[in-house]
Amino acid sequence: MAAAETASGYIQHHLTNLTYGQHPVNGWSFAHNAKEAQEMGFWAFHVDTLAVSVVLGLFFILLFCAAAKRATSGQPGKLQNFVEVLVEFVDGSVKDTFHGRNALIAPLGLTIFVWVFLMNFMDLIPVDWLPMLAAKISGDPHLYFRVVPTTDPNATLGLALSVFALILYYSIKVKGIGGFIGELTLHPFGSKNVFVQALLIPVNFLLEFVTLIAKPISLALRLFGNLYAGELIFILIAIMFGGGLLLGALGIALQWAWAVFHILIIVLQAFIFMMLTIVYLSMAHEDNH
Amino acid sequence: MNINATLIGQSVAFFIFVLFCMKYVWPPVITALQERQKKIADGLDAASRAARDLELAQEKVGQQLREAKGQAAEIIEQAKKRGTQIVDEAREQARVEADRVKAQALAEIEQELNGVKDALRAQLGSLAVSGAEKILGASIDQNAHAELVSKLAAEI
């Protein structure tokens with residue numbers, strides 16, 4: 001961080017994404033500040049979020065592919081052992097919750113768990129390291145670079161909406177369009193009287209629709225909120241490093257303590273995201289109304 | 001903190017990763033896991049089967065051992081019986097032989113005794129005649145008295 005920066009400027013800088021989009025004035029370009037990024041509207045990309053998440057996703061896929069390629073039913077190697085532990089863990093979680101037959105759910109759960117964990121893990125890297133590296137490489141000392149993709153609501157919402165799409169897809173596939181609409185409108189209140197039932201439909205729809213919409217929103221905001229708060233605290237602790245010897249020493253202790261605590265959070269949030277995805281998809285497969 | 005097209009990019013990346021995971025990661029690993037589970041189950045099965053076989057074999061061995069012991073005891077018993085029988089037979093034979101030898105010896109003795117007796121009788125006859133001759137002082141006609149002497153000898 002530049003010495004001249006104020007604390008609020010430092011925080012602001014750390015919370016601004018590297019945005020590439022179509023600016024009304026500048027055309028397709030990188031945003032120079034948060035205001036420009038906002039002016040770009042919807043058709044803009046957070047390059048840092050995408051780059052980090054894709055790199056981590058590739059790391060996950062390549063690592064696991066390497067293990068899968070050499071997978072043997074004999075004595076497993078270290079990498080295979082590690083992968084098998086994760087696969088068995090996810091497989092167990094899926095089998096406990098999801099009772100249908102669907103080849104997608106378990107790999108989906110594994111991908112979510114490992115990928116979200118890796119993205120969360122970026123939070124444990126000291127907040128200035130990767131931005132500084134990115135600034136050095138790009139040659140722009142003022143480059144915006146947010147390292148933790150899951151502190152970007154776009155990333156978590158992207159994941160949650162994908163899961164939501166799958167929920168809708170399987171709901172309709174299993175129950176049919178009529179069944180799905182019936183599920184939305186005929187519960188929780190029902191009546192044998194046709195007129196009363198007609199009156200109840202809007203009420204039911206309101207309740208069920210909120211329930212349905214709450215799934216992706218809660219999924220996205222839970223992950224985002226936890227990681228954003230954690231990241232913010234890391235940034236606040238990092239400010240202490242510039243505040244003299246005493247504050248700096250305190251900052252190191254706090255950084256360590258918060259990082260240890262955060263290890264729990266990043267694993268837990270990855271697990272919750274995976275588990276809720278499995279639960280939601282299992283609910284989408286159940287046709288018991 | 002703007003919501004923008006990043007979420008589309010994120011979703012696309014997400015689906016690609018899930019598909020990759022589903023195609024190239026999950027099946028080989030889960031197959032290997034299941035195969036190993038099966039192998040272990042088979043191994044455990046084989047082990048318990050082998051243990052059962054061993055138990056059976058031991059039981060069989062014990063039974064055969066008992067049978068063999070019984071047979072051996074029987075053979076020994078037979079041998080003993082046979083031994084006694086042979087000893088008894090030998091003893092009987094020996095007794096018979098001894099009796100025979102004894103009878104033969106007795107017969108010989110008898111025969112010899114008779115011979116001696118005859119000889120003695122003859123000698124005694126002649127002795128008696130010569131004694132009588134001496135007593136009578138006169139010679140007795142041997143021929144005349146031969147009948148008398150032999151009669152005497154027969155009486156002795």
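Two residues are taken to be in contact if their C-beta atoms, placed from the backbone, lie within 7 Å. Among such contacts in chain A between residues at least 6 apart in sequence, 66% join residues at least 24 apart. The structure discussed here is a predicted model, with scores of ipTM 0.89 and pTM 0.77. For chain B the average pLDDT is 89, and 94% of its residues score at least 70.

**Overall organisation of chain A**

Chain A contains nine helices and three strands. Along the sequence these elements follow the pattern α-β-β-α-β-α-α-α-α-α-α-α. Taken along the principal axes, the C-alpha atoms of chain A fill a box of roughly 75 × 60 × 40 Å. Of the 289 residues of this chain, 34% count as buried.

**The sheet**

The strands of chain A include an open sheet of three, arranged in the order S2-S1-S3 with antiparallel pairing. Strand S2 (27-30) and S3 of chain A are at the edges and have a single partner strand each, so one side of each is left without a neighbour in the sheet. Direction ignored, neighbouring strands of this sheet are turned by 15° against each other on average. In general, strands of a sheet pair through backbone hydrogen bonds, either parallel or antiparallel.

Strand S1 (residues 19-23) of chain A is joined to S2(A) by a hairpin that passes through three residues. The bridges of S1(A) to S2(A) and to S3(A) are set out below, each with one residue pair.

| Strand pair | Bridges | Direction | Residue pair |
|---|---|---|---|
| S1(A) and S2(A) | four bridges | antiparallel | Gly21(A) and Ser29(A) |
| S1(A) and S3(A) | three bridges | antiparallel | Tyr20(A) and Phe45(A) |

In the pairing with S2(A), Gly21(A) stands opposite Ser29(A). On the S3(A) side, the bridge partner of Tyr20(A) is Phe45(A).

**Contact with chain B**

At the interface, 43 residues of chain A are in contact with 30 residues of chain B. Several elements of chain A each supply at least two residues of the side that touches chain B: helix H2 (34-39), strand S3 (44-46), helix H3 (47-69), helix H4 (78-97), helix H5 (105-121) and helix H7 (153-185). The largest share of this side, ten residues, comes from H3(A). By residue class, the side of chain A that touches chain B divides into 27 nonpolar, twelve polar and four charged residues. Strand S3 of chain A thus appears in two settings: it is an edge strand of the sheet, and it is among the elements that supply residues to the side touching chain B.

**Annotated transmembrane regions**

An unreviewed UniProt entry annotates residues 50-68, 103-122, 155-172, 193-213, 233-254 and 261-283 of chain A as "transmembrane region". Two of these spans can be described further from the model. Residues 261-283 of chain A are 100% helix and 0% strand, and the end C-alpha atoms of this span lie 33 Å apart. Over residues 233-254 of chain A, the chain is 86% helix and 0% strand, with the end C-alpha atoms 10 Å apart.

Methods
Residues numbered from 1 in each chain as written. Chains lettered and ligands numbered in written order. Predicted model: local features only at pLDDT ≥ 70, side-chain atom pairs only at ≥ 80, totals over all residues. UniProt positions renumbered as here; feature names shortened; annotations may be inferred. Nonpolar A, V, L, I, M, F, W, Y, C, P; charged D, E, K, R; others polar. Pairing = 2+ DSSP bridges. Axes fitted to C-alpha atoms, helices over the stretch in contact; angles between N-to-C directions. pLDDT = per-residue confidence, 0-100. Buried ≥ 20, exposed ≤ 12 C-beta atoms within 10 Å, placed from the backbone.
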